[in-house]
Amino acid sequence: MPSALKDLFSAGLVKQLGKSIALNAREFDVKAFEKKVLDKQWKELELKQRMRKISTTLGECLDIPYQQQLTVLKKSASQFNGLFGMVFPDFVEVYGQAHPDLSLDALEFFTPFSSSEFAIRPFLLHYPELTLKRMMEWSKSKNYHVRRLASEGSRPRLPWAMAIPALKKDPSPVLPILENLKNDPEDYVYRSVANNLNDISKDHPQLVLTLCKKWKGQSKSADWVVKHALRTLLKKGNQEALQLFGHHDKNNVAIESFSLNKKSYSIGEQMSFRISIKNSDKKKHSFRLEYRMHYVKANGKTSPKTFLIRKTELSGGESLSISKSQWLKDFSTRKHYSGKHSIELIINGVVKSKIDFNLK
């Protein structure tokens with residue numbers, strides 16, 4: 001098991017790739033390829049830097065026309081998958097932008113072995129009509145990896161990828177692609193549809209809400225898509241999104257208690273809190289319970305993070321008590337800083353109570 005994610009791009013796989021390429025290209029100098037890739041800087045390079053180093057060096061050592069380069073690479077692609085397999089789409093991104101038709105064919109070919117979701121971004125940027133037309137065709141492909149590429153590659157806010165400003169401004173060209181995929185039999189595909197719509201909701205909430213109202217109830221997969229497409233709006237307390245899932249009521253709830261086990265914690269400790277609520281109405285109501293932590297940042301300001309506690313129904317007059325805990329130790333995704341923090345109790349998108357505590 002590699003000690004770091006970047007070590008998935010290992011010297012062993014680099015050498016294996018070179019030998020595979022050489023079997024189909026007499027002019028390819030394996031030793032020169034290995035020497036150029038595995039130079040003195042190799043160990044210091046991070047994951048994406050290693051991938052780019054391999055793909056650019058492939059182009060330098062495979063000195064034949066681009067179309068012939070693709071023919072050679074296609075013969076080796078099936079031997080490499082996962083993150084390392086993304087070297088092949090990355091090669092297309094580096095060397096193929098002047099040949100969009102050939103390159104889009106190649107990205108379709110390579111994506112089942114890894115993913116072409118990052119490599120397709122420059123083509124969306126420079127050849128939007130051609131690329132979106134091809135992605136629409138991919139959304140009907142028999143291969144679910146290709147169908148997923150149609151959705152994942154067209155996300156306006158794809159993490160770790162270049163932005164596509166035109167799609168952030170106007171995502172309507174993407175919607176027919178997502179329409180084709182919302183009922184996909186593969187969760188790998190329809191999960192991507194939800195992520196795409198969640199991206200769009202950050203810039204065009206009403207557009208996504210309108211679409212989700214249309215889709216809700218059409219199928220099991222479409223319902224899953226709707227639920228997860230609206231996750232950002234639900235966390236923001238968007239009342240239209242909350243009402244779509246039956247969380248209509250903002251007022252008929254009484255906070256019987258909301259308390260922490262301590263008023264001060266040290267970094268590394270576990271904080272515990274207890275909540276007790278009551279449906280103050282005579283009718284049954286549906287409640288979405290969340291808590292929002294306001295973490296102190298290095299500059300002394302705070303950053304909010306919302307967590308779902310539970311979605312529940314309470315009959316008239318019924319009470320519910322819940323105990324929760326939250327680690328206050330550092331993770332790779334979050335670093336804690338001393339200072340005044342706070343925790344809020346949120347019910348159906350509305351902050352109902354707040355407690356401050358110290359972290360040292």
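A residue counts as buried when its relative accessible area is under 20%. By that yardstick, 46% of the 360 residues of the protein chain are buried. Welcome to this structure, which is a predicted model. Its chain is built from 16 helices and 8 strands, and the C-alpha atoms fill a box of roughly 80 × 50 × 30 Å along the principal axes. Here is a short tour, topic by topic.

**The chain as a whole**

- Among contacts in the protein chain with a separation of 6 or more, 67% link residues 24 or more positions apart.
- Lys140 and Ala150 give an example of a pair with its spacing: 10 residues separate them in sequence, and their C-alpha atoms are 9.2 Å apart.
- Gln326 and Phe273 give another: they stand 53 residues apart in sequence, with 8.5 Å from C-alpha to C-alpha.

**The nonpolar cores**

- The largest nonpolar core holds 71 residues, and those with the most contacts inside it are Leu17, Phe28, Phe33, Ile54, Leu58, Leu197 and Leu230.
- Helix α12, residues 187–201, supplies the largest share of this core, with 6 residues.
- A separate core of 25 residues lies apart from it and includes Leu260, Tyr291, Tyr295 and Phe357.
- Phe28 is a good residue to look up in the model: leaving aside residues up to four places away in sequence, Phe28 touches Gly18, Ile21, Ala22, Phe33, Leu58, Cys61 and Leu62.

**Where helices α3 and α5 meet**

- Helix α3 spans residues 47–61 and helix α5 spans residues 87–95; their axes come within 9 Å and cross at roughly 65°.
- The crossing of α3 and α5 is right-handed.
- On the α3 side, the contact is made by Met51, Arg52, Ile54, Ser55, Thr56, Leu58, Gly59 and Glu60.
- On the α5 side, the contact is made by Val87, Asp90, Phe91, Glu93, Val94 and Tyr95.
- Sorted by type, the residues of this contact are 7 nonpolar, 3 polar and 4 charged.
- Ile54 and Leu58 of α3 take part in this contact, and both are also listed among the residues with the most contacts inside the largest nonpolar core.

**Gln326 and its neighbours**

- Gln326 sits in strand β6, which covers residues 319–327.
- Gln326 counts as buried because its relative accessible area is 9%, below the 20% limit.
- Not counting residues up to four places away in sequence, Gln326 touches Glu269, Gln270, Met271, Tyr291, Met293, Tyr295, Phe307 and Arg334.
- Two of these neighbours are joined to Gln326 by polar contacts between side chains: Tyr291 at 2.4 Å and Tyr295 at 3.3 Å.
- Tyr291 and Tyr295 are also among the residues of the core of 25 residues.

**Two more buried polar side chains**

- His285 belongs to strand β4, residues 285–296, and its relative accessibility of 17% is why it counts as buried.
- The side chain of His285 makes a polar contact of 2.8 Å with the side chain of Asp281.
- Thr232 lies in helix α15, residues 231–235, and is buried because its relative accessible area is 17%.
- Thr232 touches Asn198, Ser201 and Lys202, when residues up to four places away in sequence are left out.
- With Asn198, the side chain of Thr232 makes a side-chain polar contact of 2.8 Å.

**Loop residues worth a look**

- Trp160 is in the loop between α9 (144–152) and α10 (165–169), and its phi is near 65°, a positive value in a residue other than glycine.
- Trp160 counts as exposed because its relative accessibility is 74%, above the 50% limit.
- Asn348 is in the loop between β7 (339–347) and β8 (350–359), and Asn348 too has a positive phi, about 50°, although it is not a glycine.
- Is Asn348 buried or exposed? Asn348 is buried, as its relative accessible area is 0%.
- Lys140 is placed in the loop between α8 (128–138) and α9, and a relative accessible area of 60% makes Lys140 exposed.

Note on methods:
Residues numbered from 1 in each chain as written. Predicted model: local features only at pLDDT ≥ 70, side-chain atom pairs only at ≥ 80, totals over all residues. Heavy atoms only, no water. Axes fitted to C-alpha atoms, helices over the stretch in contact; angles between N-to-C directions. Helix = DSSP H or I, 4+ residues; strand = E, 2+ residues; numbered from the N terminus. Left-handed = near helix turned anticlockwise from the far one by under 90°. Contact = heavy atoms within 4.5 Å. Nonpolar A, V, L, I, M, F, W, Y, C, P; charged D, E, K, R; others polar. Buried < 20%, exposed > 50% of the residue type's maximum accessible area, 1.4 Å probe, protein only. Polar contact = N/O pair within 3.5 Å; in protein donor to acceptor, adjacent residues only side chain to side chain. Core = buried A, V, L, I, M, F, W, Y, C linked by side-chain atoms within 4.5 Å.
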